[in-house]
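Biologist: Please take a close look at one part of this protein for me. I would like to hear about the ligand site and what surrounds it.

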Amino acid sequence: MTTATATATAHANIALVKYWGKRDAERMLPATSSLSLTLDAFLTTTTVTLAEGGTAPGSEHTATLDGGALTGGQLAKVQRFLDLVRGLDGVEPSLAARPAHVTSLNTVPTGAGLASSASGFAALAGAAAAAYGLDLAPRDLSRLARRGSGSASRSIFGDFVVWHAGDLADPERGDLTSYAEPVPAAADLDVAMAVVVLNAGPKSIGSREAMARTVATSPYFPAWVEHTEADVAEAEAAIAAGDLERLGDLAEASAMRMHATMLAARPAVRYLAPASLEVLDAVAALRAAGTGAWATMDAGPNVKVLCARADLETVTAVLADGGRRRVLPALPGPGMVVERQA
Ligand code: 2P0
């Protein structure tokens, strides 16, 4: 039997116009489009090897993350995804019969709380598709990664990326048309991001459940959906024009609106910690003093600060506040790379 092994490397991304809420949880279709920046600093490398003798009864997919075996819900999520891949059109029955072994390594600074399902499911999609013998175009890899985790659809590509909500009327067409692709940027748009790592204990609620609660109970959610398409279009225009100030202003507004939407859920979803608010104040103070810096936050207390590459050192130093905070500088990162082993 032939070995079927492939390795993929994908980088994390941070949304500048946020994804928050699904319209179809089964197909992983988002309520809105979103737009992100892929970062060089945080990445996942994943190898998928198909087992020999896969038709043996009881043989199933296994996975390790950073050397430890995955179990429970995490393993089940990976197994479901691998079953989706081997069930795709074009996978030869002899390969589809073989379960996969997944080895995944996250290169994230220890304890940073930034391990990302975006880079994780992007790398898994790339490695699994290649191991099962598929040769998918980037757009189809993005659609596949989306099924693992919405934000993973964006980590297939480098730099600025837009993930289209896709056809809203018909779920089948939605599945075909909800993918990510690169956003053309002005040559002189030279951005960077300072990631402020705050320790605020374990997450109170995972983003998947938090999104579902927001969609179901927040009276602000329809307004969030209504405004976000326009925000994506404006972000694309700002990126094309090389207008960092407009992009930063929009990114901070999108993040604050997303958190406002979830704060209005019942019970409220609150990721903003006291330490996060302090950083938001420090970012506002940087701006008031003439340095372009704009904050964004995701499903946790950490604050990511968009700035010009030329200001990254200053922004990092000011936010670190004499070593009181941990700040990781990051630059735009590349798209996914897949290597198939013979
Ligand atoms: C984003 N986040 O656009 C938003 C902003 C967090 C806040 O995508 O349920 O892990 O797997 O699709 O992608 C995090 O949620 O959620 C996320 P699923 P995902 O980056």
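Modeller: Here is the ligand site, followed by the two domains and one strand. Keep in mind that the model is predicted.

Start with the shell. There are 14 residues around the ligand. Those that come nearest are Ala15, Tyr19, Ser149, Gly150 and Ser151. By class, the shell holds 5 nonpolar, 6 polar and 3 charged residues.

Where does the ligand lie relative to domain 1 and domain 2? It lies between them, because both domains give residues to the shell.

Now the domains themselves. Domain 1 covers 5-184 + 333-341, and domain 2 covers 191-330. Their centres, taken over C-alpha atoms, are 24 Å apart. Across the boundary, 24 residues of domain 1 are in contact with 30 residues of domain 2. On the domain 1 side, strands S1 (5-17), S4 (34-50) and S8 (160-163) each supply at least two of the touching residues. S4 gives the largest share, 6 residues. That side of domain 1 divides into 16 nonpolar, 5 polar and 3 charged residues.

Last, a strand within the bounds of domain 2. Strand S12 (residues 303-308) is largely enclosed by the rest of the structure, because 5 of its 6 residues are buried. Two strands pair with S12. Strand S10 (residues 191-197) runs antiparallel to S12, joined by 6 bridges. Here Ala192 stands opposite Cys307 of S12. Strand S11 (residues 293-297) is also antiparallel to S12, over 5 bridges. In that pairing, Ala295 stands opposite Val305 of S12. A hairpin of 5 residues links S11 to S12.

Technical notes: Residues are numbered from 1 along each chain as its sequence is written. This is a predicted model: local features need pLDDT of at least 70, side-chain atom pairs count only at pLDDT 80 or more; totals for chains, interfaces and linings use all residues. A residue is near a molecule or strand if its C-beta atom, placed from the backbone, lies within 6 Å of it. Ala, Val, Leu, Ile, Met, Phe, Trp, Tyr, Cys and Pro count as nonpolar, Asp, Glu, Lys and Arg as charged, and the others, Gly among them, as polar. Domain bounds come from an automatic or database domain assignment. Two residues are in contact if their C-beta atoms, placed from the backbone, lie within 7 Å. Helices (H or I, at least four residues) and strands (E, at least two) are DSSP runs, numbered from the N terminus. A residue is buried if 20 or more other C-beta atoms lie within 10 Å of its own, exposed if 12 or fewer, and partly exposed in between; C-beta atoms are placed from the backbone. Two strands pair if DSSP finds at least two bridges between them.
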